[in-house]
Amino acid sequence: IKKIGVLTSGGDAPGMNAAIRAVVRSCAYHGVGCAGIFRGYQGLIENDIEDLDARSVRNIISRGGTFLKSARSNEFKTPEGRKKAYDNLKAAGVDALIVIGGDGTFTGGLLFEKEHDFPVVGIPATIDNDISGTDFTIGYDTALNTVVEAIDKIRDTASSHNRLFLVEVMGRDAGAIALNSGIGAGAEEILIPEEDEGIDRLISSLKKSEKSGKTSSIIVVAEGDKSGKNIFELAEFIDSTLGGYDIRVSVLGHIQRGGSPSCFDRVLASKLGVGAVDAVLDGKRNIMIGIHHQKVITVSLETGIKGEDKFDRDLRRVADITSI
Ligand code: F6P
């Protein structure tokens, strides 16, 4: 291997810069070239490639986002797009690719690997923590802390005004952010995509809270919850069913994806970045680097994309008990 390409793709996540930095510096350490590919697979198709050295990644470990920029590329979903990408990599002298992102990124990488017999190694980075084969994805810890901090602030207003707040957090298909931040911020109820607990449960839980003397409540709602109502409709439903509540809705949105990465994410990203270059140099391919019990591991890209559901069912019980 003479030169390794690195790109970030899909939704950005805090710690992606730390991962790029670890990849670039690991390449320098091993005396291997490193090419940064800008704007993910789309930039690869458009030949937006630049050689990077150890100093190109100075002062980025503390920055959120990704200095390589990110994109979701429809063209890369076509064989023609992937062929252009392959030609550009060959022309740039790149002989292996490290892709940093979530399941969409890995799905693209897997197709590319198979079609062009080109080594691809994935690094899981998404605030959703919905990649199997790794205990944590880069960005999840930072996002959780951002969400908890935001809900703590909302709690101040909720309790000062005796209000009921519905707070929407990210997660179209995964409730890890909602469930964990909900427990961490002491939410009364948490709605997630993995379980349909039904709206009746929510209503009876609110009644119970009121009876038990609670004067304010926070309900954390994941974007993809299964109530069949969006968060504003949910607020209206509660109002028309129960009445008497001063209800507000707060959609946290993309503040959850930004910001300086936590130390946990910086260290995780550094370990996975170094692990990815080690894996490429060991001749591994079609794999993702993960972390399990603090050890860097490798699993197949397929496992990362379609492996076991990581949803921690015990957390629901913990949430129920601690919000009594
Ligand atoms: O996958 C990360 C994520 O932030 C999800 O939690 C969210 O559903 C989605 O991306 C939002 O994507 P976009 O920024 O493209 O609207």
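The UniProt annotation "binding site", from an unreviewed entry, covers Gly11, Arg72, Ser73, Gly102, Asp103, Gly104 and Thr105. They are spread over 95 residues of sequence but cluster in space, with a largest C-alpha distance of 13.5 Å. UniProt positions follow the numbering used here, feature names are shortened, and annotations may be inferred rather than shown by experiment.

Residues are numbered from 1 along each chain as its sequence is written. Keep in mind that this is a predicted model: local features need pLDDT of at least 70, side-chain atom pairs count only at pLDDT 80 or more, and totals for chains, interfaces and linings use all residues.

Now let's look at the ligand. Around it sit Gly11, Gly102, Thr126, Ile127, Asp128, Met170, Gly171, Arg172, Glu223 and Arg257, where a residue counts as near if its C-beta atom, placed from the backbone, lies within 6 Å. This shell has two nonpolar, four polar and four charged residues. Here Ala, Val, Leu, Ile, Met, Phe, Trp, Tyr, Cys and Pro are nonpolar, Asp, Glu, Lys and Arg are charged, and the others, Gly among them, are polar.

Let's visit two of the annotated glycines.

| Residue | Place | Other C-beta atoms within 10 Å |
|---|---|---|
| Gly11 | loop between strand S1 (3-8) and helix H1 (16-30) | 20 |
| Gly104 | helix H4 (residues 103-116) | 19 |

Helices (H or I, at least four residues) and strands (E, at least two) are DSSP runs, numbered from the N terminus. Is Gly11 buried or exposed? Gly11 is buried because 20 other C-beta atoms lie within 10 Å, while Gly104, with 19, is partly exposed. The cut-offs are 20 or more for buried, 12 or fewer for exposed and in between for partly exposed, counting other C-beta atoms within 10 Å of the residue's own, all placed from the backbone.

Leaving aside residues up to four places away in sequence, Gly11 touches Gly102, Thr126 and Arg257. With neighbours within four places likewise set aside, Gly104 is in contact with Gly10 and Arg72. Contact means C-beta atoms, placed from the backbone, within 7 Å.

Technical notes:
Contact = placed C-beta atoms within 7 Å.
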